Amino acid sequence: MITSILKNSLFFTVMMCVCIVHGQRFSKKIEGRVYSKDADVAATHISNINANKGTIADAKGFFTITAKLNDTLMFSAVQYKRKLVVVTLEALQGDLLLVPLEPSLTQLDEVVVTPYNLSGDLNRDVAKIKIEPVVTSTTLGLPNAYVKVKTQNERKLFEADNGKFVSFGRYSLDSLFEPVISINLHKILNRITGRTQKLKKYVAIDQEIALLKSIRNKFPDSVYVNDLKIPKETIHDFLNFCEADANFDEVLASDDVLKLWRFFLTKSVLYRKANNLK
């Protein structure tokens with residue numbers, strides 16, 4: 001009987017070691033929920049620091065994230081204190097990981113804010129401001145973070161011109177090559193009727209509008225009106241005027257706000273002169 005007990009103990013010990021080694025080497029999807037009695041927990045960021053991946057809790061605080069034994073999960077939200085949780089064997093084997101969150105602020109003292117020591121002179125202040133990287137789906141490494149959402153016209157163009165004109169051959173279930181010719185009549189007809197070319201023009205127009213909109217949003221309208229002396233109703237025309245300059249693409253590619261501002265200063269003088277604006 002003692003021998004049987006020793007064998008059972010040895011078997012149990014070996015199985016525990018196997019489970020621990022398995023948990024250390026292999027990842028598993030952990031289902032969990034963040035909660036707080038004080039406020040909403042929706043959109044709480046959950047990051048696996050070791051794997052450099054993350055996810056976001058849904059409206060009720062539920063989340064799913066891949067982790068392995070001893071990985072560290074970081075929970076963060078604007079209204080809560082940042083929390084670190086080390087993945088244990090119990091967390092890997094359990095049904096639901098519950099994580100309570102604590103509010104980060106209860107009451108603010110009276111403060112006087114003077115950010116960046118700004119002078120009010122835009123030419124001087126732009127060079128002083130340094131914007132820290134923001135937390136986005138890309139920086140968190142979320143799935144499909146790098147997938148660009150297509151516009152309506154881009155989706156139509158993809159549907160109209162997707163695939164090859166002619167495809168040759170295919171393999172059957174028994175891996176035998178069957179000589180088959182497949183003709184993409186849909187794509188051919190769209191090319192012949194001119195629908196594809198028309199959609200390409202629409203996509204190009206959409207891209208130009210989006211570009212000018214993003215450039216305009218780099219500065220508030222008051223800057224164009226008060227500093228550049230460009231009437232509000234002609235700001236879009238002024239940006240088209242700037243886009244015609246041969247150096248415009250180079251200025252945008254530099255991603256330098258100060259360089260763009262100086263470029264606008266120079267072009268605003270020429271624009272006002274060409275349009276008889278004071």
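Strands S2 (residues 45-48) and S3 (residues 53-56) are paired in the antiparallel sense through four bridges, where pairing requires that DSSP find at least two bridges between two strands. Helices (H or I, at least four residues) and strands (E, at least two) are DSSP runs numbered from the N terminus. The model is a predicted one, in which local features need pLDDT of at least 70 and side-chain atom pairs count only at pLDDT 80 or more, whereas totals for chains, interfaces and linings use all residues. Residues are numbered from 1 along each chain as its sequence is written, and side-chain values use heavy atoms, with hydrogens and water left out.

Within the S2-S3 pair, Asn 48 lies opposite Lys 53 of S3. The two strands form a hairpin with four residues between them, and Asn 52 in the turn has a positive phi of about 55 degrees. A further antiparallel pair is formed by S1 (residues 28-35) and S4, joined by six bridges; here Thr 64 in S4 is the bridge partner of Glu 31. Side chains alternate along S4 (residues 62-67). Phe 63, Ile 65 and Ala 67 point to one face and are buried (under 20% relative accessible area, with exposed being over 50% and partly exposed in between; 1.4 Å probe, protein chains only). Phe 62, Thr 64 and Thr 66 point to the other face and are not buried.

Among the helices, H4 (residues 152-161) and H5 (residues 185-193) pack at an angle of about 115 degrees, with axes 7 Å apart; axes are lines fitted to C-alpha atoms over the stretch in contact, and angles run from 0 to 180 degrees between N-to-C directions. Glu 159, Ala 160 and Asp 161 of H4 meet His 186, Lys 187, Asn 190 and Arg 191 of H5 in this contact (heavy atoms within 4.5 Å).

Helix H6 (residues 195-216) comprises 22 residues and reaches 32 Å from its first C-alpha to its last, close to the 32 Å expected at 1.5 Å a residue; the expected span is 1.5 Å times one less than the number of residues. Its buried residues are Thr 196, Leu 199, Val 203, Leu 212 and Ile 215. These pack against H4, H5, H7 (221-227), H8 (235-243), H9 (248-254) and H10.

For the 18 residues of H10 (residues 257-274), the expected span is 26 Å, and the end C-alpha atoms are 25 Å apart, which agrees. The N-terminal end of H10 is capped by Asp 256, with a side-chain oxygen 3.0 Å from the backbone nitrogen of Leu 258. Buried residues of H10 include Leu 258, Trp 261, Lys 267 and Arg 272. Just after H10, Asn 276 adopts a positive phi of about 55 degrees.

Definitions and conventions:
A polar contact is a pair of N or O atoms within 3.5 Å; within protein, one must be able to donate a hydrogen and the other to accept it, and residues adjacent in sequence count only if both atoms are side-chain atoms.
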